[in-house]
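Q: I would like to go through this structure step by step. Could we begin with the core?

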Amino acid sequence: MSVPAAVVVAAFTIAGPPSIARRLIEALAVTPPTAVDTGDPPELTERETDVVRLVAQGLSNAEIAERLYIGAATVKTYVSRLLTKLDCATRVHLVIHAYESGLVTRGGERRPA
């Protein structure tokens, strides 16, 4: 299911732990996806896809680093490069892109190709 951009923005502006934002996104993700033709999406490596999925779940850089067994600075580099590659201005935009493109769905699972 797709998450409206306003829901994601609201979830990430909440003061508190990422788990609260994650639960809010999951609770409000009820809008069916809409087809948007944005051209061919850039190819992501397997690791970039892993990072986007974990960012979309609301995890911090430190939490992503722990899950992927890499350093927090490496995660920061991945996120920065993903922002550039996907033409996103902020981490919030990266999450919106991940949901709207179908890269992730509610609960962070990848949509089948």
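A: Certainly. This is a predicted model. Its largest nonpolar core has 21 residues, and those touching the most other members are Val55, Ile64, Val79 and Leu94.

Q: Which elements give two or more residues to this core?
A: They are helix H3 (46–56), helix H4 (61–68), helix H5 (72–85) and helix H6 (91–100). H3 provides the largest share, with 5 residues.

Q: Is there a general reason for nonpolar residues to gather like that?
A: In soluble globular proteins, nonpolar side chains tend to be buried together.

Q: Back to H3, then. Which of the residues of H3 are buried?
A: Glu48, Thr49, Val51, Val52, Leu54, Val55 and Ala56 are the buried residues of H3.

Q: And what follows H3?
A: Gly58 follows H3, and its phi is positive, near 90°.

Q: How do H3 and H5 pack?
A: Their axes are 10 Å apart and the angle is about 95°. Angles of 65 to 115 degrees count as roughly perpendicular, so H3 and H5 are roughly perpendicular to each other.

Q: Which residues meet there?
A: From H3, Arg47, Glu48, Val51, Val52 and Val55 meet Tyr78, Val79, Leu82 and Lys85 of H5. The residues of this contact comprise 6 nonpolar and 3 charged, with no polar ones.

Q: New topic: H6. What is buried there, and what comes after H6?
A: The buried residues of H6 are Val92, Leu94, Val95, Ile96, Ala98 and Tyr99. H6 is followed by Gly102, which has a positive phi, near 85°.

Notes: Residues are numbered from 1 along each chain as its sequence is written. This is a predicted model: local features need pLDDT of at least 70, side-chain atom pairs count only at pLDDT 80 or more; totals for chains, interfaces and linings use all residues. Side-chain values use heavy atoms; hydrogens and water are left out. A nonpolar core is a set of buried Ala, Val, Leu, Ile, Met, Phe, Trp, Tyr and Cys residues joined through side-chain atoms within 4.5 Å. Buried means under 20% relative accessible area, exposed over 50%, partly exposed in between (1.4 Å probe, protein chains only). Helices (H or I, at least four residues) and strands (E, at least two) are DSSP runs, numbered from the N terminus. Axes are lines fitted to C-alpha atoms, for helices over the stretch in contact, and angles run from 0 to 180 degrees between N-to-C directions. Angles under 35 degrees count as roughly parallel, over 145 as roughly antiparallel, 65 to 115 as roughly perpendicular and the rest as oblique. Contact means heavy atoms within 4.5 Å. Ala, Val, Leu, Ile, Met, Phe, Trp, Tyr, Cys and Pro count as nonpolar, Asp, Glu, Lys and Arg as charged, and the others, Gly among them, as polar.
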